[in-house]
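Colleague: Walk me through this one. I will ask what each term rests on.

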Amino acid sequence: MSKRLMSQIFDEVSKLYDPFLRAITFGGINRWQKLLVEILDKEGNRLDVGTGTGEVLKKSTNRGLKVGIDLSMGMLKRAKDKCSYCYFLLADAENIPFKDLSFRTITLSLVFRHIENRRAFLKEAYRVLERGGQIGILDINKFSGTKLLSFLMRYPLKPLGLLLFGRERWDFFLHSLENALSIDDVEKYLEEEGFRISQVKKYMLGVVYVLRAEKT
Ligand SMILES: C[S@@+](CC[C@H](N)C(=O)[O-])C[C@H]1O[C@@H](n2cnc3c(N)ncnc32)[C@H](O)[C@@H]1O
């Protein structure tokens with residue numbers, strides 16, 4: 001999946017993105033995002049990677065700057081409408097345009113599985129985080145429950161999905177779900193790039209996880 005296609009797809013779905021996400025998670029997304037921001041340090045600047053429509057920053061109570069980056073201008077425009085006091089920038093997670101040690105915390109909500117070169121991203125995250133800084137990841141866990149969600153998207157939810165988004169975009173969402181990593185794999189990536197896992201919580205029978213790791 002090229003980054004250009006990814007940003008094009010998110011541009012196109014940006015209008016329907018929030019209501020659709022709320023519907024398919026039965027409202028759970030709001031609770032999980034609140035938890036994601038609650039488990040992180042409240043001090044310092046926060047960078048939300050793949051910020052989309054800016055929901056995580058809108059829910060963030062950190063006392064420093066709130067900065068979001070994304071590849072999709074369509075999503076960023078929605079974000080700016082929602083959070084006027086946040087800063088948003090068109091930028092790639094694999095090439096973060098900020099100087100070393102700029103942030104106390106980094107958040108990713110439903111993004112880690114979309115990132116093509118996760119090692120390049122984690123190296124960038126490590127570079128821009130302060131010493132002892134934290135990264136919080138909310139995403140879908142690949143395990144048997146993911147198969148159920150993928151089954152629902154392939155069959156009962158497909159007509160609705162095709163109606164709302166069309167084939168190319170629906171296939172993209174399905175592919176990104178099936179591209180999800182297990183929590184063990186995410187932990188391994190983080191540890192190999194110099195982070196220490198300090199908290200992991202699972203929701204929706206383990207389909208969704210929220211994880212916190214510290215820069216060592
Ligand atoms: C599923 S949406 C999640 C949006 C938001 N974080 C949320 O929880 O609703 C994934 C977002 O990640 C962005 N994204 C994917 N790969 C990216 C990358 N390499 N750099 C920056 N943003 C990226 C997409 O453009 C999209 O807006």
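Colleague: Which helix gives the most to the shell around the ligand?

Modeller: Helix H1, residues 3-24, with 4 residues. Helices are DSSP runs of H or I, at least four residues, and strands are E runs of at least two, numbered from the N terminus. A residue is near the ligand if one of its heavy atoms lies within 4 Å of it. The model is predicted: local features need pLDDT of at least 70, side-chain atom pairs count only at pLDDT 80 or more, and totals for chains, interfaces and linings use all residues. Residues are numbered from 1 along each chain as its sequence is written, and side-chain values use heavy atoms, with hydrogens and water left out.

Colleague: What makes Tyr17 a polar contact of the ligand?

Modeller: A polar contact is a pair of N or O atoms within 3.5 Å. An N or O atom in the Tyr17 side chain is 2.9 Å from a ligand oxygen, so the pair qualifies. A polar backbone atom of Gly50 is 2.8 Å from a ligand nitrogen. A polar side-chain atom of Asp92 lies 2.9 Å from a ligand nitrogen.

Colleague: Why are strands E3 and E6 said to stand at the edges?

Modeller: Two strands pair if DSSP finds at least two bridges between them. E3 (87-90) and E6 (195-203) each have a single partner strand, so one side of each lacks a neighbour in the sheet. The order is E3-E2-E1-E4-E5-E7-E6, an open sheet with mixed pairing.

Colleague: How many bridges join E2 and E3?

Modeller: E2 (residues 66-70) pairs with E3 over 4 bridges, in the parallel sense. The cut-off is at least two, so they count as paired.

Definitions and conventions. Polar contact = N/O pair within 3.5 Å; in protein donor to acceptor, adjacent residues only side chain to side chain.
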